[in-house]
Each structure stands twice: as structure tokens, then as C-alpha cells.
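Here is a quick tour for someone meeting this structure for the first time. Have a look at it, and then we'll walk through a few spots together.

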Amino acid sequence: MKSFYSLFLVMFLTKFTSSTLEEPLNACNGRIIGGYQADISQIPFQVALNLNRGPSCGGSLISSRWVLTAAHCVQRVKDTDELQVRINSTYGLAHGRVVDIESFVMHPKYNPLSIDYDFALLELEEEIELSEEFYAVDLPEQDEPIEDGTCLQVSGWGKTEDEDFGSEDLRLINIPIVNWEKCRKKFRKINYLTKQMICAGSEHISACHGDSGGPLVDGRKLVGVASWAYPYVCVGYPVVFAKVSSVRSWIKFVSDV
């Protein structure tokens with residue numbers, strides 16, 4: 001039954017009640033869901049995963065050859081030909097550049113029932129040229145801590161109730177890190193929170209708009225990968241992210257990044 005939550009997140013985190021903002025939401029105390037429209041130049045490491053050429057998940061470019069995403073996004077992929085990555089595009093299904101996948105590796109401890117260790121690395125078929133404007137996200141050190149209340153940025157291609165995935169612009173929102181113990185108690189009836197998970201959001205701010213597998217960042221440092229959430233509820237519950245610092249050594253071992 002618990003495996004439902006990881007699969008559902010692809011839909012849940014791409015749906016939001018939009019409040020269009022003309023100016024960026026720079027603080028974590030804004031009382032809105034949906035964030036604001038952004039351009040890929042603001043988060044050039046953000047990528048879109050297209051499964052069988054359709055909408056799937058988000059991900060983060062961690063080097064010129066590797067993408068980090070959520071394991072549940074690729075757990076049903078049988079052949080790399082089914083999966084492509086769209087880079088350097090403000091749109092999830094248009095513009096930018098589409099790159100094929102050479103291989104992918106799910107974390108060996110990934111558990112689809114508890115959604116623990118929800119990480120996967122995708123090796124691109126070709127090396128991408130990076131620059132000062134088009135850069136890969138930075139990674140934390142192994143077990144690097146993150147303080148409660150830290151204001152972080154989550155991004156993805158939002159979906160309103162009236163529009164399809166591919167027609168939406170990239171969106172951003174700033175959300176605070178939630179105390180792990182408080183978050184564990186909040187979710188105790190539906191899933192067990194592990195030390196490989198962190199929570200972000202607040203009573204009035206959620207990441208309902210972000211894609212599974214998408215980045216949670218502190219500046220240019222990747223803190224989390226969008227993983228799972230409470231079904232059907234955008235407000236009042238945090239979103240759970242896979243904690244990148246908990247698997248930094250594994251990322252280095254697989255990708256040499």
C-alpha cells in the first residue's frame with residue numbers, strides 16, 4: 001500500500017492552486033501555493049525527464065554527464081530507450097535540448113514500499129558542455145547538516161487543473177526546512193520517516209507544484225530530491241525530500257562526481 005505514495009507524487013507534486021506572482025517570492029513566509037514563473041537561466045541545472053516522450057519527472061544536472069533524480073521515477077523503466085532528458089529549457093516538453101540516456105542506476109537500498117533511499121543516477125549518452133551560465137548544481141558533503149527553518153528553493157513544471165504538463169512554465173517557490181522529529185510525528189500514520197529523508201514546507205506554503213525527482217536547493221547546492229507527500233493535501237503537510245548528503249559517497253562511487 002505504501003508504494004502508492006511514491007507513484008502518486010508524480011501527479012501530486014505537479015498539481016497546484018496557482019496564485020500568479022509578478023515578483024519573486026523571496027521569503028519563506030509568503031502565504032501562497034504555486035510559486036512564481038521562472039526562467040531556466042535561474043536554475044540551469046534543472047532538467048525534465050520524459051518517459052516514452054511524455055511527461056514524467058524532474059531532475060538535477062550534477063555534472064556534464066550525470067543527472068540525479070528519484071528512484072521511483074525510473075523503477076519501472078525496462079530500457080534506456082524509454083527515457084530522455086530535456087536540458088536548458090523553461091518548458092518540460094518543448095525547446096531546449098533532448099539527450100538520450102546511456103544507463104541509469106538506482107540506489108541499492110531503495111525501498112519502493114517505504115520510499116527510502118529514493119535516488120537514481122542517470123548517465124547521459126553524451127557529455128554536455130557547461131559554462132558560467134549553464135552550470136551543474138553543487139553537491140553537499142557526506143552527512144552535511146541542514147538547520148531547521150533554513151529557507152530553500154524547490155522548482156518544477158507546474159500543472160494547473162485546466163492545463164497540460166507541457167504548456168506550463170517552470171516555477172519556483174521558497175520553503176523552510178521542517179524539524180525532522182516533528183515531521184516524523186506528522187506522518188507517523190502513513191509512512192515511517194527515515195534519516196535519508198528531510199521535510200520542507202509549512203502550514204501555508206507547500207511544494208505541490210514541483211515534480212518528483214526535482215531539486216531542493218540552498219543557493220546552488222542540492223539539498224534534496226522531491227520524493228513523496230501526503231496524498232491530496234497541499235496545505236498543512238510538508239513535502240518529503242530524499243536527503244542528498246546522506247548518499248554523497250554513493251554518488252561519488254557511481255558517477256565520480
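The buried residues of helix α3 pack against three strands: β4 (66-69), β6 (97-106) and β7 (120-124). Keep in mind that this is a predicted model. Which residues of α3, which spans residues 248-255, are the buried ones? They are Arg248, Trp250, Ile251 and Ser255. These four sit on the same side of α3, because they cover an arc of only 160 degrees around the axis. Right after α3 comes aspartate 256, and its phi is positive, near 65 degrees.

Ile251 turns up again in the largest nonpolar core, which has 47 residues. Together with Ile62, Leu68 and Val85, Ile251 is among those that touch the most other members. Strand β7 gives this core its largest share, four residues. There is also a second, separate core of 13 residues, with Ile175, Ala226, Val239 and Phe241 among them.

What does isoleucine 62 touch, leaving aside residues up to four places away in sequence? Its contacts include Ile251 and Ser255 from α3, and also Val67, Leu68, Leu121, Ala136 and Val137. Leu139, Leu222 and Val257 are on the list too.

Now for strand β13, residues 239-243. It is mostly covered, with five of its five residues buried. Strand β13 has antiparallel partners, and here is how they line up.

| Partner of β13 | Bridges | Residues standing opposite |
|---|---|---|
| β10 (residues 197-200), antiparallel | four bridges | isoleucine 198 and phenylalanine 241 |
| β12 (residues 221-229), antiparallel | five bridges | tryptophan 228 and valine 240 |

Tryptophan 228 also has a ring partner. Phenylalanine 187 and tryptophan 228 make an edge-to-face aromatic pair, 5.0 Å centre to centre with 65 degrees between the planes. Phenylalanine 187 is in the loop between α2 (180-186) and β10, while tryptophan 228 is in strand β12, so to speak a link between distant parts of the chain, 41 residues apart. Are these two residues buried or exposed? Both phenylalanine 187 and tryptophan 228 are buried. Add Tyr237, and ring pairs link Phe187, Trp228 and Tyr237 into a cluster.

How many aromatic pairs are there? The count comes to three. One of them joins phenylalanine 45 and tyrosine 135: the ring centres are 6.2 Å apart and the planes are at 50 degrees, so this pair counts as tilted. Phenylalanine 45 lies in the loop between β1 (36-37) and β2 (46-51), and tyrosine 135 in the loop between β7 and β8 (151-157), so the pair ties together parts that are 90 residues apart in sequence. Phenylalanine 45 and tyrosine 135 are both buried.

Finally, let's step back to the whole chain. The protein chain holds three helices and 13 strands. Of its 257 residues, 56% count as buried. Looking at contacts with a separation of 6 or more, 71% are between residues 24 or more positions apart. As for the surface, the protein chain exposes about 11,500 Å², and carbon and sulfur atoms supply 46% of that area.

Key: Residues are numbered from 1 along each chain as its sequence is written. This is a predicted model: local features need pLDDT of at least 70, side-chain atom pairs count only at pLDDT 80 or more; totals for chains, interfaces and linings use all residues. Side-chain values use heavy atoms; hydrogens and water are left out. Buried means under 20% relative accessible area, exposed over 50%, partly exposed in between (1.4 Å probe, protein chains only). Helices (H or I, at least four residues) and strands (E, at least two) are DSSP runs, numbered from the N terminus. The arc is that of the directions from the helix axis to the C-beta atoms. Contact means heavy atoms within 4.5 Å. A nonpolar core is a set of buried Ala, Val, Leu, Ile, Met, Phe, Trp, Tyr and Cys residues joined through side-chain atoms within 4.5 Å. Accessible areas come from the Shrake-Rupley method with a 1.4 Å probe; for residues, only the protein chains shown count as cover. Two strands pair if DSSP finds at least two bridges between them. Rings of Phe, Tyr and Trp (its six-membered ring) pair if their centres lie within 6.5 Å; planes under 30 degrees apart count as stacked, over 60 as edge-to-face and the rest as tilted.
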